[in-house]
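Let us walk through this structure step by step, beginning with how strands come together and ending with how two chains meet.

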There are 2 protein chains.
Amino acid sequence: MEERTEISTLGEFGLIERLTVNNETRQASTVVSVGDDAAVIDLFGRQTVVSTDMLIEGIHFDLTYTPLKHLGYKSVVVNLSDIYAMNATPTQILINIGFSNRFSVEALEEFYEGVYAACEKYQVDLVGGDTSSSNKGFIISVTAIGEVAPDNFVKRSGARVNDLICVSGELGGAFLGLTLLEREKRIFTETGAQPDLENQSYIVGRLLKPEARKDIIEFFETAGLKPSSMMDISDGLSSDLLHICKQSQVGCVLYEEKFPFNEEAREFAYKLKLDPTACALSGGEDYELLFTLGQDDYEKVKNSPDISIIGYVTGQEEGSHLITRGGNRHPLTAQGWNHHKK
Amino acid sequence: MEERTEISTLGEFGLIERLTVNNETRQASTVVSVGDDAAVIDLFGRQTVVSTDMLIEGIHFDLTYTPLKHLGYKSVVVNLSDIYAMNATPTQILINIGFSNRFSVEALEEFYEGVYAACEKYQVDLVGGDTSSSNKGFIISVTAIGEVAPDNFVKRSGARVNDLICVSGELGGAFLGLTLLEREKRIFTETGAQPDLENQSYIVGRLLKPEARKDIIEFFETAGLKPSSMMDISDGLSSDLLHICKQSQVGCVLYEEKFPFNEEAREFAYKLKLDPTACALSGGEDYELLFTLGQDDYEKVKNSPDISIIGYVTGQEEGSHLITRGGNRHPLTAQGWNHHKK
């Protein structure tokens, strides 16, 4: 039988001790870590970058098909992704969790295993946070801190007319993974049939265990590149690119034929009668980097297998458009994952 | 009729825009604020201090008697209190909120009014955060960032034998405020009788609108004082002092007769047949500063009306004790507000 330790047997401080007993310090800038009122970070001569996000059970994740370890990993990664999206390097994180008495100490330890795995992979320190009861469900709030050489950060507002629009990796996979898992959950609920994931480990992995594009930021540094604007794709390419356009006061043209797809994912989309392009534009949660580069930088990225040039920046008055494979021109609309709209 | 705008009419980004339209930047170190993947902070030559906390409806606050504006104010203040407790100065905050569709845009604006009032009072910048749906209730997660001159921070672990144990302000008021409000809520629920707060604005204010002790940190600087250890009192004097003792590997003696009480609060405690000393030891949420000072610093604090010397530090082997007014010696136990125990 699996062990189940009630959280009440440890109390809050006992629980924090148990969850942080193996916490390691990797960053020289971490002066004071978990266990005091606040952490202390020493970043002489660098700029600090900080971002925070909340994940709520039933809204952002479904524990019927999300292993807690993956959830811990993903909670960290989606916040690190925001730091990379500033062209910065994450260094520390803080995590608050709230949970009902449905969760055991072992369940929280599993969650933290994922947190620590992400800390290890991305070389960041967990330096603070807080645990709390909730009346219902699991609530996670992560704050990520990073550093960047003075004024080397990249905002959303710097895109200029004629810049290339680029994206890392492949698009739409996480949304397809979600669609598959939701379908199997529905079938299981209605018929009791065991989930059939059809060997779709790629798309399921894209949803449950995304990675942040550390490698792309490192490539920028090596190649001497600095994007004019950048953000990570969490709500879907369309919604996120429209943010860049709005904040940069520019328009854009995207080419459907240039969109990067994973072959398996594309096949699976067709099987579900979904348009891969729609998945890429509106799906969200891919955590790829969307950025703009000056035309002069074309030579530096044209051969990168991890970067696709998918369009270019226009004047604001020209609006934002997608050119389809058939040559048709459609206005882009924000249809990202908007939690407040149904 | 009061205006009620459904959040769905604005969408997430419209909502964030509306809530942050009057957001001001006060700190020179704030380079990039709300509206990008992350904020950028420039703290050359200072150390960064960072802390985070989560507040959940039904666990940490009760909206039947907590005005949303006060809640916004308090959410910020309790986090700033952690920064002051490191002997640091808060400079920026980030806020995540999650809320069910029971909340209107106006309700969230009221919450943010309190947030901005605290930002104004404590001269900090709101630089980021995220809004999200929740299935149930209101969830708040605040991260506070501060700065401190290199190695001038104060940890919990620095108390030394013979140090003076000091506390700012008055103790037990917030707990009495909570007791009163909970009593009136119960009476209202059972009988429909309107709340009678008996002109107890002091204790109600201590609970609903606490302040962080910025003035004490400023006094330390002016007086050339640096505590050997410090934390803020959120769980109750007893529980929090035992943290300092544990982390400093020391014991302590407290004198009941030295505890600072507000006269009205003390009278009200007697009226409720509560022991003011128990309220101070176990009540929590006073957000006063608890700190230790070397004996040499006695002259500098003995005349401060805002600082009480309530005991001294002993060797760890002597344990932790309270000497009552009658001269009896009781071991101190942690009976703070432990959300995980009932």
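Two strands are said to pair if DSSP finds at least two bridges between them, and this is the rule to keep in mind while following the model, which is a predicted one. In general, the strands of a sheet pair through backbone hydrogen bonds, and they do so either parallel or antiparallel.

With that in hand, turn to chain A, where seven strands form an open sheet in the order β8-β10-β7-β11-β9-β12-β13, with mixed pairing. The edges of this sheet are held by β8 (229-232) and β13 (329-331) of chain A, and because each of them has a single partner strand, one side of each is left without a neighbour in the sheet. From one strand to the next, the twist averages 25°.

At one of these edges the pairing can be followed in detail, for strand β12 (residues 320-323) of chain A runs antiparallel to β13(A) and is joined to it by three bridges. Within this pair, I323(A) stands opposite R329(A), which belongs to β13(A).

Now consider where the two chains touch, a contact to which chain A brings 57 residues and chain B brings 57 residues. On the side of chain A that touches chain B, the most is given by strand β3 (residues 47-56) of chain A, with nine residues. Sorted by character, the residues on that side of chain A comprise 23 nonpolar, 22 polar and 12 charged ones.

Strand pairing also reaches across from chain to chain, since four bridges join β3(A) to strand β2 (residues 39-42) of chain B, and these two strands run antiparallel. Here V50(A) is found opposite A39(B), a residue in β2(B).

Note on methods. Residues are numbered from 1 along each chain as its sequence is written. Chains are lettered from A and ligands numbered from 1 in the order in which they are written. This is a predicted model: local features need pLDDT of at least 70, side-chain atom pairs count only at pLDDT 80 or more; totals for chains, interfaces and linings use all residues. Two residues are in contact if their C-beta atoms, placed from the backbone, lie within 7 Å. Ala, Val, Leu, Ile, Met, Phe, Trp, Tyr, Cys and Pro count as nonpolar, Asp, Glu, Lys and Arg as charged, and the others, Gly among them, as polar. Axes are lines fitted to C-alpha atoms, for helices over the stretch in contact, and angles run from 0 to 180 degrees between N-to-C directions.
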